[in-house]
Amino acid sequence: MATEGITSMDPVRAVQPVDRSLSMMLFDGLVRYQPGNATAPFEPGIAKEIPQPATQDGKQVWTIALRTGVKCPAGQKTPAYDLTSDDVVFSLKRAADPEKSTFASVFAAYDTVEAVDAGTVKVTMKQPVSPAAFLPTISNWQGGLVVCKKAVEAEGEDFGKRPVGPGPFKFESWTPGQRITLLANDDYYLGKPLSAGWDIRFMADDTARQAALFGGDLDVASPTATGDKGLEVIDSRKGFKVVETPLFGTWYLLFNTKVGPTANPEVRKALAYAVNREDYVTLTGKRTAKPTLSVWGAQLPGGVPDAHVEQAGLAYEFDVAKARQMLAAAGYPNGFDVTVTAPSNATTFQVLQAQMKAIGVNVKIKTVDVPTWQTAIMTGQEPLMLTLISYRPTPQIPYTDFFYGPSAVRGGKHPAQNFGGYDGADALIEKAAKTSDSAEQARLWQEINDKILSDAAAKPLFVAYQAYGAVCGFTMGGVEPPTTIPGNWQPSYKSTVDAQAKDC
């Protein structure tokens with residue numbers, strides 16, 4: 001498989017899409033969300049069953065029973081061993097530590113995490129939370145991914161380069177800028193993976209990548225051309241097919257609410273009206289990009305329908321004349337100059353540049369490699385950012401990571417991914433995090449959506465679905481079912497991608 005470079009495979013540091021994809025292959029959660037079904041109930045993972053809350057000494061407690069037979073594979077410095085509650089407690093405490101984790105704010109409601117015995121973990125909350133808020137924190141996503149304690153301690157700062165986890169695949173090698181090799185974890189607790197392993201190559205050259213796919217050197221690769229054209233080239237080739245992954249995430253134009261002209265909410269609103277979503281959809285491809293008006297759309301669990309946003313007057317539909325008028329009223333009748341940092345392959349920034357030019361805003365683009373771009377947005381100084389917020393099992397996580405004051409990358413008490421420093425919805429986000437009433441929480445999530453839009457902290461652009469070119473019969477994932485499946489549940493062993501590729 002050909003892809004971009006990465007920054008870290010450590011789940012508490014994996015912030016880029018490829019980083020997260022790799023961490024989900026190498027690690028696993030106590031509970032798991034179903035592939036291809038964004039709104040389905042969680043399945044048990046390393047936990048024997050989905051935990052339920054109880055009250056002990058006046059506090060909400062979640063007791064998690066672990067299944068037996070979960071293995072930590074051998075690492076470069078550690079032998080294989082049976083995973084226990086010590087690994088789980090270590091993982092959750094580490095994910096909640098702002099000194100170690102990018103996602104610490106997600107665990108703000110945790111009070112204590114302790115091992116009851118080798119097979120049981122108890123999480124005590126500061127205040128009661130709903131299952132919709134708690135379960136994602138122990139899911140197979142980001143901080144919820146369980147690491148192998150002995151390997152983390154042995155590798156230290158290099159754990160992100162030599163990860164060890166109880167997932168379906170295990171790390172073999174990484175040559176920065178060239179390739180990563182993963183091997184099947186034959187001891188994976190849900191069964192032996194159908195794929196023997198992955199050879200993931202970093203190939204920035206479009207021509208070379210397509211030639212490698214069509215020449216049989218790659219089984220799967222991203223399209224070489226942007227938009228629908230690249231997919232059509234693959235579809236027309238005998239023996240190959242476009243496969244689409246499940247819902248990937250939402251793209252936004254994020255505004256810096258603390259620095260420069262965009263600190264003025266009226267300026268942000270003017271810029272939002274100047275942005276035409278359809279331009280980004282066309283560039284990305286209408287097969288894999290669907291316009292959205294909501295910060296967290298109805299395609300996602302806990303999302304808000306576009307119809308509500310339209311009724312609330314918060315859609316910011318494309319209107320250049322209105323944008324110019326509002327910009328002048330905000331004190332910028334002749335526009336202003338602004339410099340943004342962008343990855344060298346991000347043509348979306350060129351679209352933004354053209355759109356802003358129509359209202360007198362001169363966007364200068366400083367192109368850099370991905371790691372340098374990532375460093376730039378982590379300074380909290382970037383005025384405009386085209387950013388993906390990938391799938392989360394509940395909106396509480398993206399609201400807390402990207403739109404909560406303490407999560408600000410510049411000046412936040414618990415920095416996460418709030419690149420623009422927005423803090424206008426803090427009270428609502430905190431209230432939603434503390435409620436244990438699911439209906440009340442859903443109402444608050446809608447209020448948060450509306451508040452972010454009314455303050456123009458972001459303009460949602462489109463919901464994205466990833467697509468790849470694949471050899472017919474290619475198996476993206478899945479495992480061979482074990483002889484017996486503990487409990488009365490049936491995990492999703494094969495992804496929708498497998499079915500697509502086999503249907504050639």
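**Exercise 1.** At roughly what angle do the axes of helix α8 (residues 277-284) and helix α11 (residues 348-357) cross, and within what distance do they come?

*Solution.* The model is a predicted one, and the values below are computed from it. As a starting step, take the two axes, which come within 10 Å and cross at roughly 155°. Angles over 145 degrees count as roughly antiparallel, and therefore α8 and α11 are roughly antiparallel to each other. The next step is the handedness, and here α8 passes α11 in a right-handed crossing. The residues that make this contact are Asp279, Tyr280 and Leu283 on the α8 side, together with Thr348, Val351, Leu352 and Gln355 on the α11 side. Sorted by class, the residues of the contact of α8 with α11 are four nonpolar, two polar and one charged.

**Exercise 2.** Describe how helix α7 (residues 265-274) packs with helix α10 (residues 320-329).

*Solution.* Begin with the geometry: the axes of α7 and α10 lie 7 Å apart, and the packing angle is about 165°. The two helices are therefore roughly antiparallel to each other, while the crossing in which α7 passes α10 is left-handed. Turning to the residues, α7 brings Glu266, Val267, Lys269, Ala270, Tyr273 and Ala274, which meet Val320, Lys322, Ala323, Met326 and Leu327 of α10. Counted by class, the contact of α7 with α10 has eight nonpolar and three charged residues, with no polar ones.

**Exercise 3.** Which residues does the disulfide join, and what is its S to S distance?

*Solution.* The structure holds one disulfide, and it joins Cys72 to Cys148 with an S to S distance of 2.1 Å. The angle about the S-S bond is -100°, and the link of Cys72 and Cys148 is left-handed. To place the pair, note that Cys72 lies in strand β6 (residues 71-72) and Cys148 in the loop between α3 (131-134) and α4 (149-155), so the link ties together parts that are 76 residues apart in sequence. As a last step, consider the surroundings of the two cysteines: both Cys72 and Cys148 are buried.

**Exercise 4.** Is Asp455 buried or exposed?

*Solution.* First locate Asp455, which is found in the loop between α15 (438-454) and β19 (458-471). Its relative accessible area is 17%, and since buried means under 20%, Asp455 is buried. Leaving aside residues up to four places away in sequence, Asp455 touches Pro265, Arg268, Tyr422 and Gly424.

How values were computed:
Residues are numbered from 1 along each chain as its sequence is written. This is a predicted model: local features need pLDDT of at least 70, side-chain atom pairs count only at pLDDT 80 or more; totals for chains, interfaces and linings use all residues. Side-chain values use heavy atoms; hydrogens and water are left out. A disulfide is a pair of cysteine sulfur atoms within 2.5 Å. Helices (H or I, at least four residues) and strands (E, at least two) are DSSP runs, numbered from the N terminus. Buried means under 20% relative accessible area, exposed over 50%, partly exposed in between (1.4 Å probe, protein chains only). Axes are lines fitted to C-alpha atoms, for helices over the stretch in contact, and angles run from 0 to 180 degrees between N-to-C directions. Angles under 35 degrees count as roughly parallel, over 145 as roughly antiparallel, 65 to 115 as roughly perpendicular and the rest as oblique. A crossing is left-handed if the near helix is turned anticlockwise from the far one by less than a right angle, and right-handed if clockwise. Contact means heavy atoms within 4.5 Å. Ala, Val, Leu, Ile, Met, Phe, Trp, Tyr, Cys and Pro count as nonpolar, Asp, Glu, Lys and Arg as charged, and the others, Gly among them, as polar.
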